[in-house]
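This report describes how parts of one protein model pack together and where charged side chains pair up. Please look over the sequence and the structure before reading on.

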Amino acid sequence: MSQAPKYKRILLKLSGEALMGEDSYGINRATIERIVGEVKDVVDLGVQVGVVIGGGNIFRGVAPAAAGMDRATADYMGMLATVMNALALQDAMRHAGIVSRVQSALTIQQVAEPYVRGKAIRYLEENKVVIFGAGTGNPFFTTDTAAALRGMEVGADIVLKATKVDGVYTDDPKKNPDAVRYQTVTFDEAIGRNLKVMDATAFALCRDQKMNIAVFSIFKQGALKRVVLGEDEGTLVHC
């Protein structure tokens with residue numbers, strides 16, 4: 001079997017919830033180490049990796065207090081949560097022998113570099129993993145949109161959305177055992193069938209810029225590597 005990767009540069013979108021493991025919120029150390037191990041397998045293939053991380057695992061712990069809060073304020077809190085996750089991810093990568101850099105869309109110079117596109121591209125070319133924190137730096141936009149935006153800015157070949165489910169299905173596989181996974185689906189088909197791939201803004205951005213999206217499960221051993229190698233894993237959403 002060929003070990004030549006299909007993609008040279010990828011943008012991996014990780015949800016904050018992926019870091020929780022079986023915990024109700026926060027960061028599960030064993031889980032983050034396993035995810036970093038999956039990323040290392042891809043880095044070792046020579047693939048350049050950018051990561052956009054969500055903040056739901058931390059924000060979930062303060063969500064009751066955020067009820068009724070001004071939306072922009074709550075969104076900024078969420079952005080700070082993603083920076084915390086980015087730092088945790090960087091620390092786990094350091095322990096695994098991966099060189100990485102955290103760039104934040106919000107200026108917090110004591111803990112992370114500000115996001116600079118040219119620097120991010122240079123780090124990727126040096127085979128350093130770049131972790132993008134604080135989303136787009138703007139309220140009312142999700143980290144899905146940040147993933148689409150950063151993927152295009154740094155010239156990624158594809159956006160990989162890591163989820164709890166191993167692809168896009170005809171129906172919710174947890175509720176309907178007869179649900180079938182799509183191997184590939186076009187953007188127009190996904191819209192026509194009302195398939196929830198990413199939030200609407202991120203999805204429209206990827207479609208307009210012809211940026212393919214692969215959806216796969218981060219909890220499935222070796223799934224990230226199989227996607228990068230172009231094997232039948234997850235669902236490819238294409239133009």
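A residue counts as buried when its relative accessible area is under 20%, as exposed when it is over 50%, and as partly exposed in between. Arg207, with a relative accessible area of 32%, is therefore partly exposed. The model is a predicted one.

**Salt bridges**

Arg207 has a salt-bridge partner in Asp208, with 3.7 Å between the closest N and O atoms. Asp208 has a relative accessibility of 51% and so counts as exposed. In total, the structure holds 17 salt bridges. Three of them are set out below.

| Pair | Closest N to O distance |
|---|---|
| Lys13 and Asp144 | 3.5 Å |
| Arg29 and Asp91 | 3.3 Å |
| Arg207 and Asp208 | 3.7 Å |

The side chains of Lys13 and Asp144 form a salt bridge. Lys13 belongs to strand 1 (residues 9-14) and Asp144 to helix 5, so this pair ties together parts that lie 131 residues apart in sequence. Are the two partners buried or exposed? Lys13 has a relative accessibility of 5% and so counts as buried. Asp144 is buried as well, its relative accessible area being 9%.

Arg29 and Asp91 also form a salt bridge. Asp91 is part of helix 3 (residues 71-95) and Arg29 part of helix 1 (residues 29-43), so the pair ties together parts 62 residues apart in sequence. Asp91 has a relative accessibility of 26% and counts as partly exposed. Arg29 is partly exposed too, with a relative accessible area of 38%. Which residues are linked with these two in a network of salt bridges? The network consists of Arg29, Glu33, Asp91 and Arg94.

**Helix 1 and helix 3**

The axes of helix 1 and helix 3 come within 9 Å and cross at roughly 65 degrees. The crossing of helix 1 past helix 3 is right-handed. On the helix 1 side, the contact is made by Arg29, Ile32, Val36 and Val39. Helix 3 contributes Ala88, Leu89, Asp91, Ala92, Met93 and His95. By type, the residues of this contact divide into seven nonpolar, one polar and two charged. Arg29 and Asp91, the salt-bridge pair described above, thus appear in this contact as well.

Another residue of helix 1 is Glu38. At a relative accessibility of 4%, Glu38 counts as buried. Apart from its neighbours within four places in sequence, Glu38 is in contact with Lys220, Gln221, Gly222, Ala223 and Leu224.

**Helix 5 and its surroundings**

How much of helix 5 is buried? Eight of the 11 residues of helix 5 are buried, so the helix is largely enclosed by the rest of the structure. The buried residues are Thr143, Asp144, Thr145, Ala146, Ala147, Ala148, Arg150 and Gly151. They pack against strand 1, strand 2 (48-53), helix 3, strand 5 (129-133), strand 6 (158-163) and helix 7.

The axes of helix 5 (residues 143-153) and helix 7 (residues 200-208) come within 7 Å and cross at roughly 20 degrees. Angles under 35 degrees count as roughly parallel. Helix 5 and helix 7 are therefore roughly parallel to each other. Helix 5 passes helix 7 in a left-handed crossing. Which residues of the two helices meet? Asp144, Thr145, Ala148, Leu149 and Met152 of helix 5 meet Thr201, Ala202, Leu205 and Cys206 of helix 7. The residues of this contact are six nonpolar, two polar and one charged. Asp144 thus takes part both in this contact and in the salt bridge with Lys13.

**Ile53 in strand 2**

Strand 2, one of the elements against which the buried residues of helix 5 pack, contains Ile53. With a relative accessibility of 0%, Ile53 counts as buried. Leaving out its neighbours within four places in sequence, Ile53 is in contact with Leu14, Ser15, Leu19, Thr82, Asn85, Ala86, Leu89, Ile131, Phe132 and Thr143. Among these, Thr143 is one of the buried residues of helix 5, and Leu89 is one of the helix 3 residues that meet helix 1. Ile53 and Glu231 lie 178 residues apart in sequence, and their C-alpha atoms are 25 Å apart in space.

Notes:
Residues are numbered from 1 along each chain as its sequence is written. This is a predicted model: local features need pLDDT of at least 70, side-chain atom pairs count only at pLDDT 80 or more; totals for chains, interfaces and linings use all residues. Side-chain values use heavy atoms; hydrogens and water are left out. Axes are lines fitted to C-alpha atoms, for helices over the stretch in contact, and angles run from 0 to 180 degrees between N-to-C directions. Helices (H or I, at least four residues) and strands (E, at least two) are DSSP runs, numbered from the N terminus. Angles under 35 degrees count as roughly parallel, over 145 as roughly antiparallel, 65 to 115 as roughly perpendicular and the rest as oblique. A crossing is left-handed if the near helix is turned anticlockwise from the far one by less than a right angle, and right-handed if clockwise. Contact means heavy atoms within 4.5 Å. Ala, Val, Leu, Ile, Met, Phe, Trp, Tyr, Cys and Pro count as nonpolar, Asp, Glu, Lys and Arg as charged, and the others, Gly among them, as polar. A salt bridge is a side-chain nitrogen of Lys or Arg within 4 Å of a carboxyl oxygen of Asp or Glu. Buried means under 20% relative accessible area, exposed over 50%, partly exposed in between (1.4 Å probe, protein chains only).
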